[in-house]
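Please open the structure in your viewer and keep the selection tool at hand. The stops below are arranged so that each selection leads to the next.

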Amino acid sequence: MKMKLMITTILTCLLLWSLMLLSFSNIFKHQLLGATTVNVSSKVSVKPRDKLLGGLLTADFDEDSCLSRYQSSLYRKPSPYNTSQYLVSKLRNYEMLHKRCGPGTDAYKIATKKLGHDHNMNVGDKSVGECKYIVWVAVYGLGNRILTLASVFLYALLTDRIILVDQRKDISDLFCEPFPGTSWLLPLDFPLMGKIDSFDREYSRCHGTMLKNHTINSTTIPSHLYLHLLHDYRDQDQRFFCQKDHSLVDKVPWLVVKSNLYFIPSLWLNPSFQPELIKLFPQKDTVFYHLARYLFHPTNQVWGMVTRSYNAYLSRADEILGIQVRVFSRQTKYFQHVMNQIVACTQREKLLPETAAQEESQVTNTTKPPKLKAVLVTSLNPGYSNNLKNMYWERPTSTGEIVKVYQPSGERFQQTDKKLHDQKALAEMYLLSLTDKLVTSAWSTFGYVAQGLGGLKPWILYTPKKFKTPDPPCGRGVSMEPCFLTPPAHGCGAKKGINTAKIVPFVRYCEDLRHYGLKLVGDTKDEL
């Protein structure tokens, strides 16, 4: 009897132990998959969690398939920028449209049926189908691609087009699918796939070329148009942004676009789009901020890089400063004048403390630990972070703060289209967006993405001239919006050099490209 009772007891214990192991295994699996917020500092993790970002995101995705989509809210402070309900409604309607017209649907098959043939169609041709499309072709570096992808998506949203993205590069290794129940990847058997790489300004179906040759009209339209929106576009290509010319473009079922520009400010200058844009974005300098948080969710592999770096090096800091260094030079070596500029900017703007003289005695407060400031540096050259690290290691700070410097990678030179390089670059953009304050380099699309994604108004390191540190070394951005680096030289029917700020007060010249580039700002009547 005693033996039977003992066996029963042992079996019961083994059963309970197995259940406990299974439970621990599931917990460990979840943590391993997500590299989740176990180590995130209390200042972040205790805040109320809004994983749908005010309704910006839909709840229709499986969370484990893309951990960043719903976990990003754990790493950010509550957003001060509200998502308009009109934008939420517009996005839900777009998701249904994409599901109805996306790859694999009958509508897509109908739309591509005549696309491989170089012919024109008459207006009202029933064979065209109900859906219209815009194809984004990946060109230039990752920062450019993200900015143009956001621009093309907003255009698609305004014109009820389906956006399809070129998947031959590494887009699916970087970002999760943004639309539920469908795909935004352009199928590899797309009829024009063998041609789109060769599309340029001289292509016979280029919008600008057709305008130049007077081969496009309002009654007979091509089955597709190529939009050349790169930095070398001509006046005719730039007419894409004009209200008068857009009515014709809108009739074309397929648009193919190549761009390396954040052209959203020019959409705001189109009177036909402006009323809709104002309803979508009442806070006019939040366009990229909202679009990026909706579209760009790093894949699990990239998200693991982000969370591991954040938890290991940044999460325990009282304040995080991001410094993004981009030197536009064929030489990737370390430049002392750039280092001097970084120090001058961060100390002048009170972003980093000055160092004390070695002989100064430091009063140690044993009752209260010193404030910890983490500095995240991103640069192709590790020399700048190493010098900052040595500076704060060799001497104490005048404020008693502890400064810890961290640089995730130092690739030495840009390697666009190499999978791991681009994944590291995306992870660093995202990490910069998680900082409390941000310093960026002028003209850098890498910095533009980071500031826009994080909703941060950066301090901008002005471009050095003749290898000398600028004076002043930097200035505060008036907006978190990216800069449209090469806007149209002529307005739609206007004279060259027109001051667009006098037309709409919320489109201004960029701080880093004064009197040339354009950017969106909040409603203000301040003079330039």
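Begin with the whole protein chain, a predicted model of 528 residues, of which 54% are buried. Colour by secondary structure to display 18 helices and 14 strands. Of the contacts between residues at least 6 apart in sequence, 74% join residues at least 24 apart.

**The nonpolar cores**

Select Tyr133, Phe153, Leu154, Ile163 and Leu267. Within the largest nonpolar core, which has 128 residues, these five touch the most other members. Next select helix H6, residues 142–159, which supplies 12 residues, the largest share of this core.

Now centre the view on Tyr133. Beyond its neighbours within four places in sequence, Tyr133 is in contact with ten residues' worth of surroundings that include Cys101, Ala107, Tyr108 and Ala111. Arg161, Ile162 and Leu164 are also among the contacts of Tyr133, as are Pro253, Trp254 and Leu255.

Then select Ile323, Met339, Tyr384 and Trp459. These residues belong to a second, separate core, which comprises 22 residues.

**Aromatic rings and charges**

Display the aromatic side chains; the structure holds 28 aromatic pairs. Select Phe328 and Trp443 as one example: the ring centres are 6.5 Å apart and the planes stand at 50 degrees, so this pair is tilted. The two residues are 115 residues apart in the chain. Phe328 lies in the loop between strand S7 (319–324) and helix H15 (336–348), and Trp443 in the loop between strand S10 (437–441) and helix H18 (445–454). Phe328 is partly exposed at 48% relative accessibility, and Trp443 is likewise partly exposed at 40%.

For a cluster linked by ring pairs, select Tyr155, Phe240, Phe241, Phe263, Phe273 and Phe484.

Two positively placed side chains follow. Select Arg476 with Trp459, a residue already visited in the second core; Arg476 lies over the face of Trp459, at 3.9 Å from the ring centre. Select Lys284 with Phe506, where Lys284 lies over the ring face at 5.2 Å from the centre.

**A helix crossing**

Select helix H13 (residues 287–295) together with H18. Their axes are 7 Å apart and meet the eye at an angle of about 85 degrees; the two helices are therefore roughly perpendicular. To see the contact, show Phe288, Tyr289, Ala292 and Arg293 of H13 against Tyr448, Val449, Gly452, Leu453 and Gly454 of H18.

**A buried aspartate**

Is Asp422 buried or exposed? Select this residue in helix H17, residues 419–433. At 3% relative accessibility, Asp422 is buried. Add Leu142 to the selection: Asp422 and Leu142 are 280 residues apart in sequence, yet their C-alpha atoms are 6.9 Å apart in space.

**Backbone details**

Most peptide bonds are trans, and most residues other than glycine have a negative phi. Select Asp471 and Pro472, which are joined by a cis peptide bond with omega of about 5 degrees. Pro472 is located in the loop between strand S11 (459–461) and strand S12 (474–476).

Remain in the loop between S11 and S12 and select Lys466. Lys466 has a positive phi, near 55 degrees, and is exposed at 75% relative accessibility.

Finish at Lys350, in the loop between H15 and strand S8 (372–378). Phi of Lys350 is also positive, near 60 degrees, and this residue is exposed at 64% relative accessibility.

Technical notes: Residues numbered from 1 in each chain as written. Predicted model: local features only at pLDDT ≥ 70, side-chain atom pairs only at ≥ 80, totals over all residues. Heavy atoms only, no water. Core = buried A, V, L, I, M, F, W, Y, C linked by side-chain atoms within 4.5 Å. Buried < 20%, exposed > 50% of the residue type's maximum accessible area, 1.4 Å probe, protein only. Helix = DSSP H or I, 4+ residues; strand = E, 2+ residues; numbered from the N terminus. Contact = heavy atoms within 4.5 Å. Phe/Tyr/Trp six-rings, centres within 6.5 Å; stacked < 30°, edge-to-face > 60°. Lys NZ or Arg CZ within 6 Å of the ring centre and 35° of its normal. Axes fitted to C-alpha atoms, helices over the stretch in contact; angles between N-to-C directions. Parallel < 35°, antiparallel > 145°, perpendicular 65-115°, else oblique.
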